[in-house]
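Trainee: I am new to this one and would like to learn how to read it. Could you walk me through it, one feature at a time?
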Amino acid sequence: MAKIDPGVNFIPDEVVKNRKREYRKKSGNKGALGLLVLVGIISGGIFGYNFYINQQIQKANNEISQHEASISALKDFAEKGYKVGVRLTETKSVLDSRLYFSKLAAELSKRVPSSVTITDVVMNETGTITIKGMANPNYTPVADFKDALLADSTEKGAIFKDVQIKSAGILEDGTGIEFSMDVVINFASLTDPVAN
Amino acid sequence: MSEEETNTNPSMNPSTATVPPELPPKHAKESIHIGLDSINIKSILDYLLVIISMVLSVVLIFVVAVPQFKKVSEIRKESAAVQIKLETAKVRQSYLESLSALKDQLDKNILVSRQAVPVESDVPYFLNQLVQMARDSSLHINAQTFTGVSAVAATKVVGAPVPDNKAADLVIGDPDAILGTDGIPQAPPVKASELVVNMEVVGRYEDLIKFSALVEDTRRIVRTKTVEITLLEKDASTATSEEEDPLVTEFGSDAILYTAKYTFAGYFLSEIDTSTLGIDTLVNKTNLEGVVARLEKLKYYEPEIFNVEIGKFNPFVNEDAGISTTSEPTTLTVPVEPATPIEPQL
């Protein structure tokens with residue numbers, strides 16, 4: 001009885017090899033083409049993006065040129081504005097830093113007791129004013145004067161912050177006493193314009 | 001055919017078949033060589049598409065993709081910088097257009113700012129202004145001395161990064177602007193000069209307060225540096241009568257008077273040279289809104305006009321110098337004729 005060998009392949013080897021080779025070739029071609037297309041898309045994309053951005057830059061530069069031309073035409077106004085700005089800045093710095101002595105003098109007069117006579121006041125920008133005066137019949141009005149000056153010293157915006165009696169003595173004619181004091185002022189409270 | 005027959009058939013069994021040796025044909029070597037070449041070319045041709053694709057891919061990667069990719073970040077930075085520049089240019093143009101639209105307001109602001117801090121020192125006007133205020137305060141002027149000009153601390157003007165596009169703000173150039181903006185040139189320091197005047201006046205205490213208030217409320221900015229107020233003690237030996245003491249005539253014999261010694265400072269600022277400044281600096285500004293409005297509320301003292309005749313025969317003699325005050329502005333006149341002979345008095 002004849003037996004059939006299952007390992008026998010009746011398809012010629014060459015045909016099988018050719019098929020495999022064709023398959024590999026097609027796969028290779030497909031892969032290579034796919035890679036080429038992918039690389040092409042990526043390269044083109046990046047190139048296109050850069051091209052687009054460059055176009056935008058060019059467009060913006062053109063606009064900038066137009067604006068700069070207009071700005072140059074208006075440069076006179078810029079110069080005028082600059083000059084007035086500098087001048088006003090100087091003005092503002094003086095306005096904001098100077099002391100309003102009228103306010104200080106007015107406040108001082110409001111706090112002097114009736115029995116005290118101011119004979120000498122020196123005010124400057126050091127932050128301390130010197131007051132000399134006379135009082136009668138004794139030292140009590142001087143103490144009252146000091147208390148009046150410091151009445152609101154703890155409040156925000158108070159003008160007088162501290163008082164130091166420098167000297168006090170009986171007048172030669174015995175009619176009263178003379179005194180001198182240094183008053184420390186709140187600088188910031190006197191840089192606002194006085195409300196007359 | 002039996003199995004044995006099959007196996008014994010030499011034609012069916014190559015291993016056992018006796019193949020007569022055949023001589024290589026003529027040019028056999030050549031034929032084999034040609035065959036090998038044909039195989040190589042064929043193989044190459046089979047994979048040509050793959051090879052070309054790979055080569056093109058590599059070329060694209062190295063010639064296009066990599067260089068373009070390297071440029072991306074650079075171009076994006078450039079684009080961002082250009083966009084910022086464009087926005088800045090737009091804002092500046094808009095700001096300058098608003099300035100030009102408000103030309104009258106700008107001119108007015110220039111006038112007010114120059115009244116506050118003049119371009120010229122205008123010393124006579126400054127002194128006259130203080131005299132006017134003392135008169136308005138009913139004070140008696142004992143003395144007035146102009147002590148000179150001194151420079152105050154330089155103020156550095158620098159650019160601020162982004163100008164504010166508010167049409168109402170007509171001022172630029174900010175000494176207090178924040179530093180550190182790259183690429184914006186700094187303006188040279190601006191110096192205002194100080195005119196120092198000492199003044200001694202006599203009057204009532206309330207009039208001294210009034211005088212101080214007027215000084216503070218004048219448009220030409222004045223800083224009171226020191227005030228020394230002293231009670232004026234009446235000397236019985238000198239103050240004999242109203243005719244002899246002008247203070248008694250002026251204030252009455254019962255008035256309590258004080259002598260006040262003031263030191264004032266006025267300012268002037270020479271015209272700023274902007275020819276070397278770029279537009280970046282010129283359009284940078286600070287918000288000084290309110291300064292002009294504040295100045296406009298202050299009183300401006302018009303210069304007093306004097307009718308002055310120019311020329312005199314003897315400059316060392318005060319022969320009624322021809323100076324008279326008038327309320328109406330007049331032009332200067334020159335009465336001296338060129339042909340008039342000047343003869344010295346013997």
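**Reading two chains together**

Mentor: Let us begin where two helices meet: the axes of helix H1 (residues 13-73) of chain A and helix H3 (residues 48-101) of chain B come within 6 Å and cross at roughly 20 degrees. Axes are lines fitted to C-alpha atoms, for helices over the stretch in contact, and angles run from 0 to 180 degrees between N-to-C directions. That makes H1(A) roughly parallel to H3(B), since angles under 35 degrees count as roughly parallel, over 145 as roughly antiparallel, 65 to 115 as roughly perpendicular and the rest as oblique. Keep in mind that this is a predicted model, where local features need pLDDT of at least 70, side-chain atom pairs count only at pLDDT 80 or more, and totals for chains, interfaces and linings use all residues. Residues are numbered from 1 along each chain as its sequence is written, while chains are lettered from A and ligands numbered from 1 in the order in which they are written.

Trainee: Which residue classes make up the contact of H1(A) with H3(B)?

Mentor: Sorted by class, that contact of H1(A) with H3(B) has 29 nonpolar, 16 polar and 8 charged residues. Here Ala, Val, Leu, Ile, Met, Phe, Trp, Tyr, Cys and Pro count as nonpolar, Asp, Glu, Lys and Arg as charged, and the others, Gly among them, as polar.

Trainee: How many residues does each chain bring to the contact?

Mentor: Two residues are in contact if their C-beta atoms, placed from the backbone, lie within 7 Å. Chain A brings 66 residues and chain B brings 79. On the side of chain B that touches chain A, the largest share, 30 residues, comes from H3(B). By class, that side of chain B has 46 nonpolar, 17 polar and 16 charged residues.

Trainee: What elements does each chain have?

Mentor: Helices (H or I, at least four residues) and strands (E, at least two) are DSSP runs, numbered from the N terminus. Chain A has 4 helices and 4 strands, and chain B has 9 helices and 6 strands. From the N terminus on, chain A reads α-α-α-β-β-α-β-β.

Trainee: In what order do the strands of the sheet lie?

Mentor: Two strands pair if DSSP finds at least two bridges between them. In this model 8 strands form an open sheet with antiparallel pairing, in the order E3(A)-E4(A)-E2(A)-E1(A)-E3(B)-E4(B)-E2(B)-E1(B). Its edge strands, each pairing on one side only, are strand E3 (160-170) of chain A and strand E1 (140-151) of chain B. Neighbouring strands are turned by 15 degrees against each other on average, direction ignored.

Trainee: Where do strands of chain A and chain B pair?

Mentor: Strand E1 (residues 116-124) of chain A pairs with E3(B) in the antiparallel sense over 5 bridges. There, A:Asn124 has B:Thr226 of E3(B) as its bridge partner. Within chain B, E2(B) pairs with strand E4 (residues 258-268) over 11 bridges, again antiparallel, and B:Glu200 stands opposite B:Lys261 in E4(B).

Trainee: How many residues of each chain are buried, as a percentage?

Mentor: A residue is buried if 20 or more other C-beta atoms lie within 10 Å of its own, exposed if 12 or fewer, and partly exposed in between, with C-beta atoms placed from the backbone. Buried residues make up 26% of the 196 residues in chain A and 25% of the 346 residues in chain B.
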